[in-house]
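Here are some exercises to try with the structure open beside you. Have a go at each task before you read its solution.

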Amino acid sequence: MKILPIASGSTGNSMLLDLDGRRLLIDLGVSASILKQALTENGYGFDAIDAVLITHTHSDHVKGLAVCMKRIAAPIFMSGSSRDRLMMERAKPLLYSARTEILPGLWVTAIPTSHDCPGSVGFKIETEDVCVGYLTDLGCIPESTMDLLYGAGCIVIESNHDEEMLRYGSYPAYLKRRILSDQGHLSNVSCAEAIARFAEKGTRRFFLAHLSQENNRPELALDSAVKATAGMNVSISVLPVYGGRIMEID
């Protein structure tokens with residue numbers, strides 16, 4: 001399995017997963033030029049993409065969707081609510097919590113997420129040999145989601161903010177309340193607690209995603225996760241805001 005982090009954060013989100021030659025692009029919150037550059041620098045092109053998955057319709061996840069999909073011939077999948085909001089007839093709706101074979105030998109489960117955007121989902125992505133979880137843009141993680149992703153080999157998970165930085169930062173009060181709510185974003189502490197539970201069930205590789213550039217620091221997010229998993233055999237990395245290089249994951 002290979003992961004190419006293209007963008008991760010409030011200014012844009014996109015990631016390529018290469019699962020034994022089946023390439024999934026998750027979210028298109030970047031311009032076509034940024035996507036093309038990231039793909040080309042890592043040995044891919046638009047024609048290498050086999051399917052596109054969209055988590056939700058906030059602009060940092062879909063602002064490049066219309067232009068990029070003129071260049072990408074692959075099928076695109078999202079929740080029915082997201083499809084309706086985007087008025088995108090080309091998109092194929094995924095049923096919530098249903099395991100769907102979107103490519104031969106590759107299954108995706110759309111996981112409803114607690115976020116202030118109708119139709120927001122994360123993903124469980126499986127082949128016969130690999131299971132990957134993708135969870136960003138959610139204020140809390142219900143037990144049903146934890147149960148669904150237990151045992152995944154690799155999980156990409158949001159570690160959005162340090163609560164102290166957010167509470168005493170420059171954001172207006174309404175925005176602070178939104179981010180801190182159960183329909184907002186995961187804090188470093190909440191993310192770390194979830195990672196520890198996933199690690200107890202066998203997950204060994206974690207990527208911290210969607211860090212706030214105003215209310216977090218990579219070292220703070222990583223420190224929280226590392227402390228929560230002390231003594232466990234895990235590997236934890238922070239995804240870059242832009243300019244990631246392809247990584248091969250055992």
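**Exercise 1.** How much space lies in the largest cavity?

*Solution.* A quick note before the steps: this is a predicted model, where local features need pLDDT of at least 70, side-chain atom pairs count only at pLDDT 80 or more, and totals for chains, interfaces and linings use all residues. Residues are numbered from 1 along each chain as its sequence is written, and side-chain values use heavy atoms, with hydrogens and water left out.

Step 1: pin down the word. On a 1 Å grid over the protein atoms alone, a cavity is a set of points where a 1.4 Å probe fits but cannot get out; a pocket is an open set with protein on both sides within 12 Å along at least five of seven lines; lining residues have an atom within 4 Å of a point.

Step 2: get the volume. Grid points are joined across faces, edges and corners, and the volume is the space filled by probe spheres set on the points. For the largest cavity that comes to about 40 Å³. The structure has 1 cavity of 30 Å³ or more.

Step 3: look at the walls. The lining includes Pro-5, Asn-13, Tyr-134, His-210 and Leu-239. Strand E1 (2–7) and strand E2 (14–19) each supply at least two lining residues; helices (H or I, at least four residues) and strands (E, at least two) are DSSP runs, numbered from the N terminus.

Step 4: sort by class. Ala, Val, Leu, Ile, Met, Phe, Trp, Tyr, Cys and Pro count as nonpolar, Asp, Glu, Lys and Arg as charged, and the others, Gly among them, as polar. That gives 6 nonpolar, 5 polar and no charged residues in this lining.

**Exercise 2.** Which residues are closest to the centre of the largest pocket?

*Solution.* Step 1: the largest pocket holds about 230 Å³ of space. Step 2: 15 residues line this pocket, and the closest to its centre are Ser-10, Asn-160, Arg-178, His-185 and His-210. Step 3: helix H2 (59–62) and helix H7 (173–180) are the elements that give two or more residues to the lining, and H7 gives the most, with 3 residues. Step 4: by class, you get 4 nonpolar, 8 polar and 3 charged residues.

**Exercise 3.** Is His-115 buried or exposed?

*Solution.* Step 1: buried means under 20% relative accessible area, exposed over 50%, and partly exposed in between (1.4 Å probe, protein chains only). Step 2: with a relative accessible area of 7%, His-115 is buried. Step 3: find its spot, the loop between strand E8 (106–112) and strand E9 (121–126). Step 4: check who touches His-115, where contact means heavy atoms within 4.5 Å. Leaving aside neighbours within four places in sequence, its contacts include His-56, Asp-137, Arg-178 and His-185.

**Exercise 4.** Why is Cys-131 not in a bond with Cys-154?

*Solution.* Step 1: a disulfide is a covalent bond between the sulfur atoms of two cysteines. Step 2: the rule here asks for a pair of cysteine sulfur atoms within 2.5 Å. Step 3: the closest cysteine sulfur to that of Cys-131 is in Cys-154, 9.6 Å away, so the two are too far apart for a bond. Step 4: try Cys-140, where the nearest cysteine sulfur, in Cys-191, is 14 Å away, and there's no disulfide. The count by this rule is 0 disulfides. As for exposure, Cys-131 counts as buried at 17% relative accessibility, whereas Cys-140 is partly exposed at 26%.
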